[in-house]
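Here are some notes for a colleague who is opening this structure without having seen it before. The points below are meant to be read with the sequence and the model side by side.

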Amino acid sequence: MDKTVKISAYSAPAKGEALQANVVKDKFAALELEQKQAQLDEERNKSLELLKNVVQLRESLKQEQARSAEQAAKVVQLEDKLSKLAALEESQIAKRNAQIEEEKKYSLELLRNIEELKEKLKQEKSRSSEIADSGVQLEAKLQEIAALEAKLKDLSGVFGKIVSIAEAGKVVAEK
């Protein structure tokens with residue numbers, strides 16, 4: 001669809017009106033210029049503040065990078081210390097395990113010795129009981145020997161009398 005627009009014909013403004021219109025336009029343009037200048041000044045101030053912020057942020061970034069580098073170095077040192085400590089701890093654990101194994105072997109050897117000594121003690125107890133039995137038997141034999149010695153003395157006395165009688169009988173027979 002075609003639309004038709006009606007426009008009034010251009011009429012040139014009058015000179016007085018043109019001057020007033022120019023003055024109004026100039027005032028309006030000056031006002032716009034002032035506003036634009038104020039906006040420009042405001043934008044400059046904002047830009048300066050932002051630039052200061054950027055400079056501060058760059059300085060902060062440099063400081064943070066320096067701190068990060070220091071902390072990274074510290075982390076490396078700590079990791080190195082940690083690995084050394086871990087290695088030391090592992091070696092100590094290995095030494096302790098070796099000591100424990102040695103102690104186990106020594107304990108087993110001592111247990112074997114204890115068992116042997118127990119066995120020897122049993123044997124000694126049986127021997128001592130045998131000796132005690134032998135002692136009792138020896139005591140009985142000693143008593144028997146003492147009794148026999150007493151009998152022997154009696155018999156010696158009797159034998160002595162028999163010998164003296166026999167000698168007396170020899171002497172009598174020789175006479």
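1. A salt bridge, as the term is used here, is a side-chain nitrogen of Lys or Arg within 4 Å of a carboxyl oxygen of Asp or Glu. Glu64 and Arg67 give an example, since their side chains meet in a salt bridge with an N to O distance of 2.4 Å. Please keep in mind throughout that this is a predicted model.

2. On the overall fold, the protein chain holds 1 helix and 0 strands, and helix H1 covers residues 15–174. Of the 175 residues in the protein chain, 0% count as buried. The chain exposes about 16900 Å², of which carbon and sulfur atoms supply 59%.

3. Returning to the pair in the opening point, Glu64 and Arg67 both belong to helix H1, where they sit 3 residues apart, or about one turn of the helix. Glu64 has a relative accessibility of 39% and counts as partly exposed, and Arg67, at 42%, is likewise partly exposed. Because partly exposed covers the range between under 20% (buried) and over 50% (exposed), neither term at the ends of that scale applies to values such as these.

4. A search of the whole structure finds 8 salt bridges, including one between Glu42 and Lys46, whose closest N and O atoms are 3.6 Å apart. These two residues also lie in helix H1, with a spacing of 4 residues, about one turn of the helix. Glu42 is partly exposed at a relative accessible area of 45%, and Lys46 is partly exposed at 41%.

5. Further along helix H1, Glu124 forms a salt bridge with Arg127, the closest N and O atoms being 2.7 Å apart. Because they are 3 residues apart in helix H1, about one helical turn separates Glu124 from Arg127. Glu124 is partly exposed, with a relative accessible area of 43%, and Arg127 is partly exposed, also with a value of 43%. Elsewhere, salt bridges that share partners join Glu42, Glu43 and Lys46 into one network.

6. Which residues form a nonpolar patch on the surface? The patch consists of Tyr106, Leu108, Leu110, Leu111 and Ile114, which together have about 460 Å² of accessible area. Tyr106 is found in helix H1, and with a relative accessible area of 46% Tyr106 is partly exposed.

Notes
Residues numbered from 1 in each chain as written. Predicted model: local features only at pLDDT ≥ 70, side-chain atom pairs only at ≥ 80, totals over all residues. Heavy atoms only, no water. Buried < 20%, exposed > 50% of the residue type's maximum accessible area, 1.4 Å probe, protein only. Areas by Shrake-Rupley, 256 points an atom, 1.4 Å probe, with all protein chains shown as cover. Patch = residues over 30% accessible without salt bridge, like charges linked within 9 Å, V, L, I, M, F, W, Y side chains within 5 Å.
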